[in-house]
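Please read these notes with the sequence and the 3D view open side by side. They go from the overall fold to one strand and then to one residue.

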Amino acid sequence: MSLIRLVYASESRLVDANRRSELDGILASARRFNDQNGITGFLLATDGAFAQMLEGPRDSVIETYGRIVVDARHAAFRLLVEEPIAARSFPGWAMGIAERDETTSFIFGLYGVTPEADLHAQPLETLVDLAGELAGRPG
């Protein structure tokens, strides 16, 4: 089976009042679907943006991205890469997540992710490196 990695960034349209329940719902749904379809990945989230790495069989990853693109909780998509991979970077994660909060704000900042230069403005390498760093930490 050939695998691909797809990475995108988008602006978040989550409303602060419902943000936690919306994120919890996104994660629960993603983990169920991804587990059934051989997809792994990692989601970075800030108050204003998302960046996500999806890995798995091409058809499943493309279908998943197609559903995300029409989700009203996202805007201003940037598809950063869709490429074949030999091995997964996030093999243990049906969908891992790291949010910028009091605990992770310093690490996000080390990678240049700030409110003024949020996830959707970052280059591919920065997002992949940041996700890899945070995936190695207890979540």
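1. Along the sequence, the elements of the protein come in the order β-α-β-β-α-β-β-α-α. That gives four helices and five strands. Helices (H or I, at least four residues) and strands (E, at least two) are DSSP runs, numbered from the N terminus.

2. The model is a predicted one, in which local features need pLDDT of at least 70 and side-chain atom pairs count only at pLDDT 80 or more, while totals for chains, interfaces and linings use all residues. Residues are numbered from 1 along each chain as its sequence is written, and side-chain values use heavy atoms, with hydrogens and water left out.

3. The protein is as compact as a globular protein of its length, because its radius of gyration of 14 Å is close to the 14 Å that the globule rule gives for 139 residues. The radius is taken over C-alpha atoms, and the rule is 2.2 Å times the number of residues to the power 0.38. Along the principal axes, the C-alpha atoms fill a box of roughly 40 × 30 × 30 Å.

4. Of the 139 residues, 46% are buried. Buried means under 20% relative accessible area, exposed over 50%, and partly exposed in between (1.4 Å probe, protein chains only). Among contacts with a separation of 6 or more, 76% are between residues 24 or more positions apart; contact means heavy atoms within 4.5 Å.

5. Strand β3 covers residues 49–57, and nine of its nine residues are buried, so β3 is largely enclosed by the rest of the structure. Which strands pair with β3? Strand β1 (residues 3–12) does so in the antiparallel sense, over nine bridges, and Tyr 8 stands opposite Gln 52 of β3. Strand β2 (residues 40–45) also runs antiparallel to β3, joined by six bridges. Here Leu 44 has Ala 51 in β3 as its bridge partner, and a hairpin of three residues links β2 to β3. Two strands pair if DSSP finds at least two bridges between them.

6. Val 128 is a residue of helix α4 (residues 124–135). Is Val 128 buried or exposed? Its relative accessibility is 18%, so Val 128 counts as buried. Apart from neighbours within four places in sequence, Val 128 is in contact with Arg 5, Val 7 and Met 53. Val 128 and Leu 6 are 122 residues apart in sequence, and their C-alpha atoms are 11 Å apart in space.
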